[in-house]
Amino acid sequence: MKRKVSLVIAAVMVASSLAACGGSSTATTTAAPAAAPAETQAAAAGETQAAAETQAAAPAASTGKTDLTIINTVEPQTLLPGSENLSAGHLIQCQLFDTLVMETPGARSTLVPGLATEWEYSEDGTKITFTLREGVKFHDGTEMTADDVVFSLQKDAEGSYNADAAALIDSIEKIDDTHVAVSTKYAYKPFLQVLAMPSFGIYSQAWYEKCEADGTNMARSENGTGAYKFTEWQSGDYLTLEAFDDYWGGAPAIKKITMKIMTDGQTAALSMESGEADVFFGLDSADYETMKATPHMVVWDVLSNGTHFLALNNGDGYFFHDNKDARKAVQYSLNREEINLGGLDGTGHVTPYPVNPDHFGYDPDWQPTPFDLDKAKELLAGTGYDGTTIVYKSANSSWYQNPAQVMTEEMRKAGFNVDLQIMERGAWEDDVDAKGNSDVWNYMTWGQFPDADADLYMYLHTSQQGIEYGNMFYAGNEECDKALDGGRYSIDDDERFEFYHQVADINEEEAWLAFLMTGCNFAVTTDEVQGFVPHPAVFYHIKDWSL
């Protein structure tokens, strides 16, 4: 018997952790982080969605404005789905391209129909057949077909951003004019979440092939089905979009979108304060209080999609290789409250569990090894430590450098001789992130979709050891692999949650990675913006907003 899912569907019922910090006249609203078992998640998701809807609906009357201006401190790289890894680009792609299924604002893992009206799983869970919405038009007026959908998904899967997801896909095929099937190499519970990402947007096959034939730059061109169509891009200055009146979901209230690019954060903040824009992405923590105090501004404290961790290199030739007591000494030396205060100006949230609070598999009740400086000193002394220099390399962005400085001092207090080396970000990525040339370093998980597998597999599975930008700290063992594999291949939510709990316990016992905190990506809106619901990955659909 097959399982049929139509209209409103939850792929993995898990609540989004939504922290909304208001501006001068806005109350703070916080919904509980994702809980574990499926029934708990379903209830929490409903509560989170209700809170988000209440917040979004709060103030009122339309201003009559139809033009929206956004300030972003980062410029997109490309319009083409599958090839963009910057949130600024994903924001634009969400307006231009629809996906087969879409996230629900305020409850990311509750999926609703997009270009597919319903979908059906095969008995073994490895094949999903989508029923396509009929009468959908591309921006050039032509009608979307099953061939366009198959072509787009195949091309999307070839994009660099989708490399991990593409490895799951076995085939993408047209069944008939209104049905497309996607088969995976094994049953993967969060796969619908993958297809909801803007990197799997649908576009016209004829447009793509014409661009290839005449040399049109597809990074600056598009023909999607989204609520907005691309009109202009002045590099380093701005991008503009305009409403697509033939949009299948109805013409949006906002008719024109302008994204201004201001790479200097202070200049961007001042421009927002002076009323030059309606929305601002990229607020620096140093400007947080000033912006909150600015009349008619609402500062949203959006929990990041990544979780900070400290990695202790267990590879051959490094100080922490097979030196568990030394790793445990570091573990006991870490005061997470102090790291958050000094590293993120206190704007983050202490989150010691390996899974991001916004993702499936998170356990808010799990307790880490406590801060105990005396215990750290005792363990280190027991190793016979002779003052050997511990090399700690950090990228020079404040996001990494500031926490590194705090943790360096904490390790020194425990008795370690730490040499902190601050490096230019690109050089650091080449030397450390790609090659693992450091005894210790801090970084972040960054799950592409809200699931523990996306957070942990690449960093803790032994099959990923030595892979650039993956497990370059040589963490993991057979027991941890078994738990990670269990979580990846099971389709039972309760069972998956328990597997990830095992991963957390094993990692804590072995002290490979110390998970620390989750930062916030601030979003600022004026109090005229209606329908805005914070999103950690910036997958916003402006068709749902008004002024």
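What follows is a chat about the strands, helices and a few single residues of a predicted model.

Me: How many strands form the open sheet that has E5 in its order, and how is the pairing described?
Reply: The order reads E12-E13-E14-E5-E15-E23-E16. Neighbouring strands here are turned by 20° against each other on average, ignoring direction. So you're looking at an open sheet with mixed pairing, and the strand count is seven.

Me: Which strands stand at the edges of that sheet, and why is one side of each left without a neighbour?
Reply: Each edge strand has a single partner strand, so one of its sides has no neighbour in the sheet. The sheet order starts with E12 and ends with E16. The edge strands are therefore E12 (228-234) and E16.

Me: Do E5 and E14 run parallel or antiparallel?
Reply: Six bridges join E5 to E14, residues 256-261. Within that pair, Asp67 stands opposite Lys256 of E14. The direction of the two strands is parallel.

Me: Where do the buried residues of H7 sit around the helix, on one face or spread out?
Reply: H7 covers residues 265-273, and its buried members are Ala268, Ala269, Ser271 and Met272. Looking down the axis of H7, these fall within an arc of 160°. That arc is why they line one face.

Me: What does H7 lie across, and at about what angle does it run to E15?
Reply: Its buried residues pack against E5 (67-72), E15 (279-281), H8 (288-292), E16 (297-303) and E23 (520-526). The helix lies across E5, E15, E16 and E23. Relative to E15, H7 runs at about 165°.

Me: Which residue with a positive phi follows H7?
Reply: After H7 comes a residue whose phi is positive, near 90°. That residue is Gly275.

Me: Why is H2 described as largely enclosed by the rest of the structure, and how many of its residues are buried?
Reply: H2 spans residues 87-96, and its buried residues include His90, Gln93, Cys94 and Gln95. They pack against E5, E12, E13 (238-243), E14 and E15. The helix is called largely enclosed because of its buried count, which is nine of the ten residues.

Me: What about H14: how many of its residues are buried?
Reply: Among the buried residues of H14 are Asp453, Asp455, Tyr457 and Tyr459. The packing partners of its buried residues are E17 (308-312), E21 (440-444), H15, H16 (493-510) and E22 (513-518). H14 (residues 452-460) is therefore largely enclosed, and its buried tally is eight of the nine.

Me: How do H3 and H6 pack: what's the angle, and what is the arrangement called?
Reply: The axes of H3 (146-158) and H6 (205-214) are 9 Å apart, at an angle of about 55°. That value makes the arrangement oblique.

Me: Which residues of H3 meet H6, and how many in that contact are charged?
Reply: On the H3 side you have Asp147, Asp148, Phe151 and Lys155. They meet Gln205, Ala206, Tyr208 and Glu209 of H6. The contact divides into three nonpolar, one polar and, for the charged group, four.

Me: Is Asn162 buried or exposed?
Reply: Asn162 is found in the loop between H3 and H4 (163-166). Leaving out residues up to four places away in sequence, Asn162 touches Gly82, Asp156, Ala157, Met197, Ser199 and Phe200. Its relative accessible area is 0%, so the verdict is buried.

Me: How far apart are the C-alpha atoms of Tyr489 and Lys189?
Reply: Tyr489 is found in H15, residues 478-489, and is partly exposed, with a relative accessible area of 41%. Leaving aside neighbours within four places in sequence, Tyr489 is in contact with Tyr186 and Ala187. Tyr489 and Lys189 are 300 residues apart along the chain, yet their C-alpha separation is 7.8 Å.

Me: Which strands are joined to E11 by bridges, and which of them forms a hairpin with E11?
Reply: E11 (179-184) has five of its six residues buried. E9 (127-132) runs antiparallel to E11 with five bridges, where Thr129 partners Ala181. E10 (169-176) is also antiparallel to E11, with six bridges, and there Ser171 partners Ser183. So the bridged strands are E9 and E10, and the hairpin, through two residues, is made with E10.

Technical notes: Residues are numbered from 1 along each chain as its sequence is written. This is a predicted model: local features need pLDDT of at least 70, side-chain atom pairs count only at pLDDT 80 or more; totals for chains, interfaces and linings use all residues. Side-chain values use heavy atoms; hydrogens and water are left out. Buried means under 20% relative accessible area, exposed over 50%, partly exposed in between (1.4 Å probe, protein chains only). Helices (H or I, at least four residues) and strands (E, at least two) are DSSP runs, numbered from the N terminus. The arc is that of the directions from the helix axis to the C-beta atoms. Contact means heavy atoms within 4.5 Å. Two strands pair if DSSP finds at least two bridges between them. Axes are lines fitted to C-alpha atoms, for helices over the stretch in contact, and angles run from 0 to 180 degrees between N-to-C directions. Angles under 35 degrees count as roughly parallel, over 145 as roughly antiparallel, 65 to 115 as roughly perpendicular and the rest as oblique. Ala, Val, Leu, Ile, Met, Phe, Trp, Tyr, Cys and Pro count as nonpolar, Asp, Glu, Lys and Arg as charged, and the others, Gly among them, as polar.
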